[in-house]
Each structure stands twice: as structure tokens, then as C-alpha cells.
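Dear colleague,

I am passing on the structure we spoke about, and my notes on it follow below. Please read them with the model open beside you.

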Amino acid sequence: MEQQTGFAWAETGLPARLGSANPADWPVQPGWASLVGEFWASADGQRLQRFLAQRLADGAVVYPSRPLRALELTSPEAVRVVVLGQDPYHGPGQAEGLAFSVAPGVKVPPSLRNMFQELQRDLGVQPPLSGSLVRWAEQGVLLLNTSLTVEDGAAASHAGRGWEILTDAVIRQCGGPAGEPTVFLLWGAHAQKKAFLIDAGRHLVLCANHPSPLSARRGPVPFMGCGHFGLANAWLAERGQPPVNW
């Protein structure tokens with residue numbers, strides 16, 4: 001994730017950094033409780049918790065303050081769209097626990113700026129002043145990173161430490177044969193590696209390049225011009241669901 005500066009501490013509403021390695025401090029919607037509880041009780045979950053506790057004890061600055069915020073704001077019953085990211089932003093005050101989203105008052109990063117530009121081209125939506133996507137999460141858009149913590153200034157520093165086991169389980173629950181029909185937006189190679197977890201016969205899987213300026217306009221499927229926001233809403237409407245107010 002890109003690092004940007006220019007944040008307003010008073011506007012974030014959340015602590016700027018992780019203060020505890022105790023999962024009990026990270027609330028989730030009741031519908032996720034069983035899945036999340038099983039993970040933390042497992043050997044992989046306990047190993048991840050020990051790792052986080054040790055890094056905090058070593059003085060590492062870890063973001064975000066609530067790693068499970070995507071599961072806190074969006075219940076499994078409400079999920080209509082899943083957007084997969086990689087790991088949180090690693091600059092001070094940026095990450096708020098939602099993929100691609102930055103805390104209020106933070107300068108909009110390049111990938112998110114391209115997302116807003118494509119949204120304007122696709123549906124005529126004017127780019128918002130804030131880069132916080134809480135409003136999407138509250139409408140059933142699960143903004144899920146595959147790794148849920150990161151250290152200051154060190155992208156992907158907590159990748160491969162166990163978060164992916166939990167987030168793969170979340171993707172399976174949303175994308176399985178019993179789940180409500182859901183749109184999956186897989187932007188970039190990292191997200192597209194998770195396609196095997198999704199029942200494509202039941203759910204809509206839309207793939208394009210990552211919205212990063214490095215790839216947004218490149219082939220094979222440029223992000224700019226992909227039309228995914230409109231396609232997602234049209235597919236939802238065909239199934240009697242209201243569109244997302246992007």
C-alpha cells in the first residue's frame with residue numbers, strides 16, 4: 001500500500017496504532033464470532049497472537065488499532081460485495097482496518113484516488129472529500145485485507161504470520177455454495193489468487209488490474225475503464241437487491 005502523509009489525528013475517531021494483542025479488544029459482528037473464535041483457539045491463531053504480543057513488547061509500532069474492523073462493521077448476513085486488499089497502509093494515522101480505506105483527514109492515496117476516478121467515469125459519482133470507506137462497509141461491502149496488521153514503514157511485514165488463514169476462512173464463508181449471492185471484486189494478482197476459494201457458479205467474480213498507478217491502465221484488464229462498480233450494482237439489482245451507494 002502507498003504511504004501518504006497529511007492526517008488529522010482528531011478526526012480519525014480511533015487510536016492511531018495497535019495497543020493490545022488481545023483479540024477480545026477487537027469486536028466483530030455476532031455472525032463472525034464462531035469463525036473468529038475458532039481461529040484464535042487454533043494453533044495458528046495462538047501463534048499469531050504470540051507474534052503480535054512479542055512485536056508490541058519489542059516496541060514495534062503496529063497498525064491498525066482494530067485489525068478486525070471489517071468484521072466489526074459488516075456482518076456476514078449483510079455482505080453483498082467483497083473487495084479484497086493485501087495489507088493495511090503502513091504510514092502513521094492512515095489505516096482504519098478496511099481495505100483501501102484511510103482514516104478521515106488523511107490524504108487520499110493513489111490507488112484509492114484511481115478508484116474514485118473510475119467510479120466517477122462509471123457511474124458519475126463525484127469523488128468524496130474523505131478517503132474513509134466506512135460508508136461502503138455499512139452498506140454490506142466487506143473491505144477485507146488478506147493480512148490485517150502491518151508495522152510502521154514496512155509494507156507486508158506481517159504477511160505470512162497467520163492472518164491469511166483467518167481471512168481465507170472469511171472468503172470461503174462469503175463465497176461458498178450456501179452463501180448469499182455476492183459480488184467479489186478482485187483487483188490485482190494478489191487478490192485474484194483467492195479466486196479458488198469462491199464458488200463462481202453462485203457468485204459474481206470480477207477481475208481487473210490493481211488500481212495502483214503502476215498497473216491501473218495496463219493490460220490484460222486495465223482497472224481504469226473496467227466498470228466494476230456499475231456491473232456490481234446491475235448484478236445486485238437483477239437479484240432484487242438495492243444498489244450500493246458508492
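**Overall fold**

Among the contacts in the protein chain with a separation of 6 or more, 70% are made by residues 24 or more positions apart. Please keep in mind throughout that this is a predicted model. The secondary structure of the protein chain comes to nine helices and six strands, and 53% of its 246 residues count as buried. The radius of gyration is 17 Å, which agrees with the value near 18 Å that a compact globule of 246 residues would have. Taken along the principal axes, the box filled by the C-alpha atoms is roughly 50 × 40 × 30 Å.

As for the surface, the protein chain exposes about 10200 Å², of which carbon and sulfur atoms supply 53%. The chain carries 19 positive and 20 negative side chains, and the centres of these two sets lie 5 Å apart.

**Strands β5 and β6, and helix α9**

Strand β5, residues 183–187, runs parallel to β6 and is joined to it by five bridges; Leu186, for example, has Cys207 of β6 as its bridge partner. That same Cys207 belongs, together with Val205, to the uncovered face of β6 (residues 204–208), whereas Leu204, Leu206 and Ala208 make up the covered face.

Helix α9, which spans residues 228–238, has as its buried residues His228, Phe229, Gly230, Ala232, Asn233, Trp235 and Leu236. The elements that cover these buried residues include both β5 and β6, as well as β2 (81–85), α5 (110–123) and α6 (134–137). After α9 comes Gly240, with a positive phi near 75 degrees.

**Val125 and its contacts**

Val125 sits in the loop between α5 and α6, and with a relative accessible area of 27% it is partly exposed, since the buried class ends at 20% and the exposed class begins over 50%. Leaving aside residues up to four places away in sequence, Val125 touches Phe116, Leu119, Gln120 and Trp246. The contact with Trp246 joins two residues that are 121 residues apart in sequence, while their C-alpha atoms are 7.4 Å apart in space.

**Backbone features to check**

Most residues other than glycine have a negative phi, and most peptide bonds are trans. Against that background, the following places deserve a look in the model.

The peptide bond from Tyr63 to Pro64 is cis, with omega near -10 degrees, and Pro64 lies in the loop between β1 (62–63) and α4 (69–73). A further cis peptide bond leads from Gly219 to Pro220, with omega near 5 degrees; Pro220 is located in the loop between β6 and α9.

Phe100, in the loop between β2 and α5, has a positive phi, near 70 degrees, although it is a residue other than glycine. Phe100 is buried, with a relative accessible area of 1%. Ala156, which is found in the loop between β4 (150–151) and α7 (163–175), likewise has a positive phi, near 60 degrees, but Ala156 counts as partly exposed, at 35% relative accessibility.

With best wishes

Methods. Residues are numbered from 1 along each chain as its sequence is written. This is a predicted model: local features need pLDDT of at least 70, side-chain atom pairs count only at pLDDT 80 or more; totals for chains, interfaces and linings use all residues. Side-chain values use heavy atoms; hydrogens and water are left out. Buried means under 20% relative accessible area, exposed over 50%, partly exposed in between (1.4 Å probe, protein chains only). Helices (H or I, at least four residues) and strands (E, at least two) are DSSP runs, numbered from the N terminus. Two strands pair if DSSP finds at least two bridges between them. The radius of gyration is taken over C-alpha atoms; the globule rule is 2.2 Å times the number of residues to the power 0.38. Contact means heavy atoms within 4.5 Å. Accessible areas come from the Shrake-Rupley method with a 1.4 Å probe; for residues, only the protein chains shown count as cover. Lys and Arg count as positive and Asp and Glu as negative; His and the chain ends are not counted. The place of a charge is taken as NZ of Lys, CZ of Arg, CG of Asp or CD of Glu.
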